[in-house]
Structures are given as structure tokens and as C-alpha cells.
Amino acid sequence: MKHELVFLFDVDNTLLDADRIALDLGAYLDKTVGHDRQQRYWTLFLFKQLRDELGYADYLGALQRYRVEEPGDPHAIELSRFLINYPFKRRLFPDALRVIAHMKQQQGHVVLVSDGDAVLQPHKIERAGLLAAVDGHLWVSVHKERELGRIEARYPAEHYVLIDDKLRILSVAKTVWGPRVTTVLPRQGRHARSINGRDNLGAPDVSVERIGDLLRGALDMVVPIPPLVCSGMQTAS
């Protein structure tokens, strides 16, 4: 069924504080395996990020590589248990679930579109309460900006509103969908904070300081034609 309007929400550092999760994991590693081995884990993790050219955060992949390098370390299982049992719901940004509910009230279809692995990422999203909030509508891929055609085929719409903390992804979506998409940048997390004028990326249609700002009159006047004019929101020039 084709919808008039579909809201596409990123997850990490858009709805969920991924930076805080990384800090918690770092502290746990430091306590359980020691500072030196903790640094080795992050070296593997960061190397994979660079290798994938700003790909998703592959915690489990880094852990597997750590096991290969440290086959006798009994803490590897503890680290996996930490990730599986982590209280992800506590790391939702304030008002994240309320924002999703608000968008659904605007007669828009809400979908989570996230980069990540096929195991931990869906688990994390479900544990955080996000999967239930969007009635199970989830798309997880390695690079979602390369999957826009497939996302459109699965969730066809007259117009999309894409909310993502990565300006690079918003820019790709604007190139592909043009005026059929309104791009919204919440300036949360390390990616959004690192944006500068030298990035040569187009400005988002709308910029907010935090995801909860979308409740303050934002998107109350939803029309499937950008620019989206709402109160309580800073519109990029």
C-alpha cells in the first residue's frame, strides 16, 4: 500500500544515545579486561569503522576479532553478555518514544532505517522499545543510503521525512528523492557535532538541536512538500 507520508527514523544518535553506550562499554572493558586490552578492542573497532568508510559500529565483529587475538581470555564471553543484556532502553534520548507516537498521530507511517549488523542491531532496537513503538517496521542494512530504492519499494510513499544525525546520508537522500523528501538533522552525537562548512554537503531542510524538539509544534503542519514550515524548529537557510 502506498502511503501519503512516511517518516524514516535513524536509530543510533538519533533516537538512541550510541555515544553513551560506547562510553559504558569502554568503562566495562577497562574494569574487566584492563586498560591495555580495552585499548586493543577499540583499536580493532575503530579500524573496522575506517575500513568500512564510516560504516556501522560493529561491536560483535570487533569482539570476534578480539577473541582471535586473545583466544585464552575468559572475559570474551562476559563482554558478549554485557552487550546482550545491556539496558538499551535507558539510553533513549528524552522524548524519543513520544516523538514516534506524535508522528504516527500525524497520519504518517513510521519506519526505523538503521545501519548495523544483522544480530545485535535488531536486538538493541527491540530491547530499547523502539521496535514495538513502530509496530515492527524496521529496515537494517550495512549502508542505508545505498538501499533507498529498496526502502522505497517496501514502503512506497508520496513523500518522505528522513530524520538522521548524519548529514552525509541526508544529502544522498536529497539527491535521490529530490523534493519528495524532507531531511531533518538532529544535532546529537559525534557525527552531527563534527559537521563543518568544509564538508561540501548540502544543508538539511530542517535542523533541530535534539530529537525532543520535534514535539514543540514541529511537524504539526505536515504537508508532503518541502520546505516544512513548523514552529519551534530552526529551518536551515
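These are my notebook entries on a predicted model of one protein chain.

**Ground rules**

I number residues from 1 along each chain as its sequence is written, and my side-chain values use heavy atoms, with hydrogens and water left out. Since the model is predicted, I accept local features at pLDDT of at least 70 and side-chain atom pairs at pLDDT 80 or more, while totals for chains, interfaces and linings use all residues.

**Entry 1: the whole chain**

I began with the overall tally. The protein chain has 10 helices and seven strands. I take these as DSSP runs numbered from the N terminus, with helices being H or I of at least four residues and strands being E of at least two.

Next I looked up burial. Of the 237 residues, 52% are buried. Buried means under 20% relative accessible area, exposed means over 50%, and partly exposed is in between, using a 1.4 Å probe and protein chains only.

I also noted the surface: the chain exposes about 11,600 Å², and carbon and sulfur atoms supply 53% of that. The areas come from the Shrake-Rupley method with a 1.4 Å probe, and for residues only the protein chains shown count as cover.

Then contacts, meaning heavy atoms within 4.5 Å. Among contacts with a separation of 6 or more, 65% are between residues 24 or more positions apart.

**Entry 2: strand β5**

How many residues of strand β5 are buried? I found that six of the six, residues 181–186, are buried, so the strand is largely enclosed by the rest of the structure. In a regular strand, side chains alternate between the two faces of the sheet. I checked both sides of β5: Val181, Thr183 and Leu185 are buried on one, and Thr182, Val184 and Pro186 are buried on the other.

I then looked for the neighbours of β5, counting two strands as paired if DSSP finds at least two bridges between them. Strand β4 (residues 157–163) runs parallel to β5 and is joined to it by four bridges. Tyr160 has Val181 as its bridge partner in β5. Strand β6 (residues 206–208) also runs parallel to β5, with three bridges joining them. There, Pro186 has Val208 as its bridge partner.

Helix α9 (residues 167–177) belongs in this picture too, as β4, α9 and β5 make a right-handed β-α-β unit. Right-handed means that, with the strands pointing away from the viewer, the path from the first strand over the helix to the second runs clockwise.

I picked Thr183 in β5 for a closer look. Its relative accessible area is 2%, so it is buried. Leaving aside neighbours within four places in sequence, I list its contacts as Leu162, Leu170, Lys174, Pro204, Asp205 and Val206.

**Entry 3: salt bridges**

I count a salt bridge when a side-chain nitrogen of Lys or Arg is within 4 Å of a carboxyl oxygen of Asp or Glu. The structure holds 13 of them.

Two of the Thr183 contacts turned up again here: Asp205 and Lys174 form a salt bridge, at 2.8 Å from N to O. Asp205 lies in the loop between α10 (189–193) and β6, and Lys174 in helix α9, so the pair ties together parts that are 31 residues apart in sequence. Asp205 is buried at 16% relative accessible area, whereas Lys174 is partly exposed at 26%.

Lys144 and Asp164 were next, with their closest N and O atoms 3.2 Å apart in a salt bridge. Lys144 is in the loop between β3 (138–141) and α8 (148–154), and Asp164 is in the loop between β4 and α9, so this pair ties together parts that are 20 residues apart in sequence. Both residues are buried. I also see them in a salt-bridge network with Asp10, Asp165 and Lys166.

Asp95 and Arg98 meet at 3.1 Å, N to O. Asp95 is partly exposed at 25%, and Arg98 is exposed at 53%.

**Entry 4: aromatic rings**

I pair rings of Phe, Tyr and Trp (its six-membered ring) if their centres lie within 6.5 Å; planes under 30 degrees apart are stacked, over 60 edge-to-face, and the rest tilted. That gives four aromatic pairs. Phe82 and Tyr86 have ring centres 5.5 Å apart and planes at 65 degrees, so I logged them as edge-to-face. Tyr86 and Phe88 are tilted, with 4.9 Å between centres and 55 degrees between planes.

Tyr86 is buried at 5% relative accessible area, and Phe88 is buried at 3%. Phe82 is buried as well. With Tyr28, these three residues form one aromatic cluster.
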